[in-house]
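Student: Could you take me through one part of this model up close? I'd like to see how a single helix fits in with what surrounds it.

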Amino acid sequence: AVGVFAGTDEVNAGALQNRTVGHVEGEGVQFGPIEYVIVSKLRYFKMGGSERHLRDIARMIEISGPTVSRPTLDHWVARLDLGDEWEMAGAFEGRE
């Protein structure tokens with residue numbers, strides 16, 4: 001299996017601990033759970049202000065909404081003080 005994980009903080013550690021393995025072109029590939037990807041994008045937005053991250057999050061929720069663990073996401077949003085950013089991402093839902 002191939003896996004690429006960057007960083008050593010608690011979010012990345014959680015993503016690594018909760019990863020899943022899928023297959024792409026016959027190769028095993030490790031994926032971090034979508035909740036951790038969303039939280040990482042919220043942090044990137046908070047640091048740099050690029051709305052691209054908010055659009056990405058809105059699209060991820062649109063596509064994967066029912067499979068996203070809201071309790072996990074809510075935990076990290078609260079723990080990392082990302083409530084304002086999460087609210088802003090919600091404003092992008094349904095927009096192209």
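Tutor: Let's look at helix α1, and then at the core it helps to build. Keep in mind that this is a predicted model. Helix α1 runs over residues 10-17, and Val11, Asn12, Gly14 and Ala15 in it are buried. Those four cover an arc of only 160° around the axis, so they sit on the same side of α1. Here's the general idea: an α-helix has 3.6 residues a turn, so residues three or four places apart point the same way. And what lies over that buried side? The cover includes α2 (34-48) and α4 (70-79).

Now check the N-terminal end of α1. Asp9 caps it, with a side-chain oxygen 3.2 Å from the backbone nitrogen of Val11.

Next, step back to the largest nonpolar core, which has 21 residues. Helices α1, α2, α3 (51-64), α4 and α5 (83-91) each supply at least two residues of this core, and α2 gives the most, with six. Which members touch the most other members? They are Ile38, Leu42, Ile57, Leu73 and Trp86. Try clicking on Trp86: leaving aside its neighbours within four places in sequence, Trp86 is in contact with Ile38, Leu42, Ile57, Ile61, Arg70, Leu73 and Val77. Notice that Ile38, Leu42, Ile57 and Leu73 turn up in this list as well as among the core members with the most contacts to other members.

Methods:
Residues are numbered from 1 along each chain as its sequence is written. This is a predicted model: local features need pLDDT of at least 70, side-chain atom pairs count only at pLDDT 80 or more; totals for chains, interfaces and linings use all residues. Side-chain values use heavy atoms; hydrogens and water are left out. Buried means under 20% relative accessible area, exposed over 50%, partly exposed in between (1.4 Å probe, protein chains only). The arc is that of the directions from the helix axis to the C-beta atoms. Contact means heavy atoms within 4.5 Å. A polar contact is a pair of N or O atoms within 3.5 Å; within protein, one must be able to donate a hydrogen and the other to accept it, and residues adjacent in sequence count only if both atoms are side-chain atoms. A nonpolar core is a set of buried Ala, Val, Leu, Ile, Met, Phe, Trp, Tyr and Cys residues joined through side-chain atoms within 4.5 Å.
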